[in-house]
Amino acid sequence: MREYPLIPLKQTVVFPRVPTTLTLARPHQLRAAASAWEGTRTVILVKQREAEIDDPQPDDLPAIGTLAQVLAYEPEGETAQLRVDGLRRVRIESFAATEPFFCVGVARINEPSGTTPVGQALVRHAHEIFDRYIQLNHRFSAQEIEQIMGFRSPSRLADVLAANLVADNNAQQELLETLDPEVRLEKICVILGNTIEVLDLDQRIRQRVREQVDRNQQEYYLKEQLKAIQRELGQDTLTEAQELRERVAAKGMPEEVQAKVLKEITRLERTPANSAETAVIRNYIDWMLVLPWQERSEDRLDIREVQRVLDEQQFGLDKVKDRITDFLAVRQLRMRQSQAATGKIDYRMVNRGPIMCLIGPPGVGKTSLGESIAKAMGRRFVRISLGGVHDEAEIRGHRRTYVGALPGSIINAMKTAGVKNPVFLLDEIDKVSSDYKGDPAAALLEVLDPSQNSTFTDHYLEVPYDLSEVLFICTGNNRYGIPRPLADRMEIIDIPGYTEEEKIAIARDYIWPRVLRDNALTPEQVRMPTSVPQWIIASYTREAGVRSLERQLGTICAKVAKRVVNEPDAHVRLTRKTVEEYLGAPRYNADEAPEGDQVGLAMGLAWTETGGTLLPVEVAFMPGRGDVRLTGQQGDVMRESAQTAHSYIRTRAEELGIEANFADQMDLHLHLPEGAVPKDGPSAGITIATAMISALTNRPVRADTAMTGEITLRGRVLPIGGLRDKVLAAYRVGIRRIILPAENQKDIAEIPERIRHQITFVPVTRMEEVERAALLPPDDASRLEAVTPDGTMPHSPGDDAPRTEPPPATTEQPPAQLKRSAKKKNAGGK
């Protein structure tokens, strides 16, 4: 007699040859299921006699159960999903174990084979009853009906009908314990007959209700006629409630919503006028009447027009514009497909897919892009700021039980838009926070999910509101600040910072005309040469966008306007001198490349929210006890990079010609200038290592070279981010040779072509290659000019493609002279 794991069930009976999915939560159930899944994948399933017992004993279990095959076992935290298929009835003969789960020995129950005339008659009768049942209840699909009507075995038909049509689980257990198939099928026919009588009674009740509705409709028409007669006689006695009902009827609300509002109007009629509840009810009804339920603006999806509007209002950003036009083109095709298939537009299908999320630094035009999209599509535009939102009620609203309750920002914005299909800009979505009042990001999951937002429920409204026709666009500065579930519902579109040339063009063609118009000036009254915005950008702004630039130009125009008021015939031509008079002394000093090749100074590249910047790294070694000092507001990740570089150099001390015990006899001081500015990130790893090796070996670092890349303990160079902005920062100060991880070569295509062709890129995979590319011999302090494979200089004009310097082939042992120099430096300090 074989033994099997046994799982007791509270309210479920599993029949042979009927697939069933079970949810298990009790520990002994989970242990038995896991044992069955890992073993023979067979298990005994029985329904315990009392469902209230959480820890049943053998006496609480019936003797008849079902041997089932385990098809799937999926643990989910403290629960598990078990998919089984019943095999046959069995009788429990003995309990071999009760802990950690039941293990029982069973005997097979053999059912009679073949079908008697009585069985055939019962099968035919059961099919007739089932046919009447499906006419009253349409819960079965055509395939399931065909399958059930095809069963000719009394046993198989009885088990399938018992599993699907008998609602009482005690009755199901009784049928499981009825071993004679014909008797079992006869009992099921009796149960089905009773069920059909109940369904037939329910049908008659529904018919009477329908007739009552028809009578109510007739009364409605009679009342309308009575109102018309009263108006003709000058006896118009419409009450406030009647007017509200008329407005509700004309609003075109869904039936569920209309019923809710009419119920509130009835409450308003019965509530005394001086009651505080009257104002609450009336405010709710007013909100429901002011919301757009059927009002829409007509979409304009001409792709050429969209492209024209975007080009007219936004400079550059070609990739972003292409992605937006692609997105709108897909929407247009979906609208056509939906209209052709159903005769109307199904916006749930049209809006299927991720939400656009524009990520970029401040001032690069994310919000204006959303406005441009709305203008191009002919839709109304609404902006919702999510910065600092920390309460779920700000999204979903407050329940009406609270004093002064109002809907959330989503419903409030729909009221502002006045149509069902506006463009919603959810601004600063990366700055949503949460506290004990709830998580707004969790509420936004429903808003931004096209499969759910057709039934968005605001706590104040208490009824579903359809947001499926809204085009949501999100913006943020940092993609990693967006909660992961929200990010999964979005398509991230990166908007990079502007180059200096792009800022000049934007200032000349977009900002300057607008600033003149805002300050009531004309181009004849104030003229601005091209060199002026370039100087303002370098001396008065430090940003990836153009917001501060627009502010500075506005200040200049305000000063000029004051002069024009005092001197009506004045004409001003801006120069550096006049700009400095208007704006004061320059606020920023431009980044500068190092003057000449220097020992212990390497030029790194960093990325900030305002774009790329230079990151000089200074290193000094001096006699001491092996202390390491890191200054310049370095973050934890950057400190770890410095420690990694230091350890890497110690492992290669002999190869580099450095004394093996230098780390015990020399103190290290690593400093990053501009100590008031916090710095962090791993991309300065190879820069730090290069500066350290330079200081230890007395080899100068090439002044024409900047570098970026993460270093590992074994000297590998790992890829980094923000390459475009970093390269632009190097280009601004005249650096034309950049060392970068080899895996970042694919990112070179994102750099503007004009700049890309003037820079020599040196891809590296190991730190040894960085040393050979960045360090000069100790007796050659002059900078070596990089030469490309075709013999041209690194920034010779007219190249057709960016140059890439191949790293040297092998690592050579440093000469004895280099070793002596290193020893001398370690002894005497820098």
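**Group meeting: salt bridges and buried helices**

Let me start with one residue, Glu462, which counts as partly exposed because its relative accessibility is 38%; here buried means under 20% relative accessible area, exposed means over 50%, and partly exposed lies in between, with a 1.4 Å probe and protein chains only. What you have in front of you is a predicted model, in which local features need pLDDT of at least 70 and side-chain atom pairs count only at pLDDT 80 or more, while totals for chains, interfaces and linings use all residues. Residues are numbered from 1 along each chain as its sequence is written, and side-chain values use heavy atoms, with hydrogens and water left out.

First, the overall picture. The protein has 29 helices and 25 strands, these being DSSP runs numbered from the N terminus, with helices (H or I) of at least four residues and strands (E) of at least two. Of its 830 residues, 47% count as buried, and the accessible surface comes to about 41200 Å², with 48% of that belonging to carbon and sulfur atoms; the areas come from the Shrake-Rupley method with a 1.4 Å probe, and for residues only the protein chains shown count as cover. Among contacts with a separation of 6 or more, 73% are between residues 24 or more positions apart, where contact means heavy atoms within 4.5 Å.

Now to the charged pairs. Side chains of opposite charge can pair when their charged atoms come close. A search of the whole structure finds 39 salt bridges, each one a side-chain nitrogen of Lys or Arg within 4 Å of a carboxyl oxygen of Asp or Glu.

Which residue does Glu462 pair with? Its side chain meets that of Lys260 in a salt bridge, at 3.1 Å from N to O. Lys260 lies in helix 8 and Glu462 in the loop between strand 10 (456-457) and strand 11, so this pair ties together parts that are 202 residues apart in sequence. Both residues also belong to a network of salt bridges that links Lys260, Glu264, Arg267, Glu277, Arg400 and Glu462.

A second pair is Lys420 with Glu469, whose closest N and O atoms are 3.5 Å apart. Lys420 sits in the loop between helix 15 (409-417) and strand 9 (423-427), and Glu469 in the loop between strand 11 and strand 12 (471-476), so parts 49 residues apart in sequence are tied together. Are these two residues buried or exposed? Both Lys420 and Glu469 are buried.

A third pair joins Lys10 and Asp54, at 2.6 Å from N to O. Since Lys10 is in the loop between strand 1 (3-9) and strand 2 (19-24), and Asp54 in the loop between strand 3 (42-47) and strand 4 (64-76), the pair ties together parts that are 44 residues apart in sequence. Lys10 is partly exposed at 28% relative accessibility, and Asp54 is partly exposed as well, at 48%.

Let me return to helix 8. Its 16 residues (255-270) should span 22 Å at 1.5 Å a residue, and its end C-alpha atoms are 23 Å apart, which agrees; the expected span is 1.5 Å times one less than the number of residues. Val257, Val261, Glu264, Ile265 and Leu268 are its buried residues. Seen down the helix axis, they fall within an arc of 105°, so they line one face, the arc being that of the directions from the axis to the C-beta atoms. On the other side, Glu255, Glu256, Lys263 and Arg270 are exposed. The cover over the buried residues includes helix 7 (240-251), helix 9 (276-290) and strand 11 (464-465).

Helix 26 (residues 723-732) is another matter to look at. Nine of its 10 residues are buried, so this helix is largely enclosed by the rest of the structure. Charged residues Arg724, Asp725 and Lys726 are among the buried ones. The buried residues pack against several elements, including helix 18 (500-518), strand 16 (601-608) and strand 17 (611-623). After helix 26 comes Gly734, with a positive phi near 95°.

Finally, one more buried residue: Ile148, in helix 3 (residues 142-149), counts as buried because its relative accessibility is 6%. Beyond its neighbours within four places in sequence, Ile148 is in contact with His127, Phe130, Phe140, Leu157, Val160 and Leu161.
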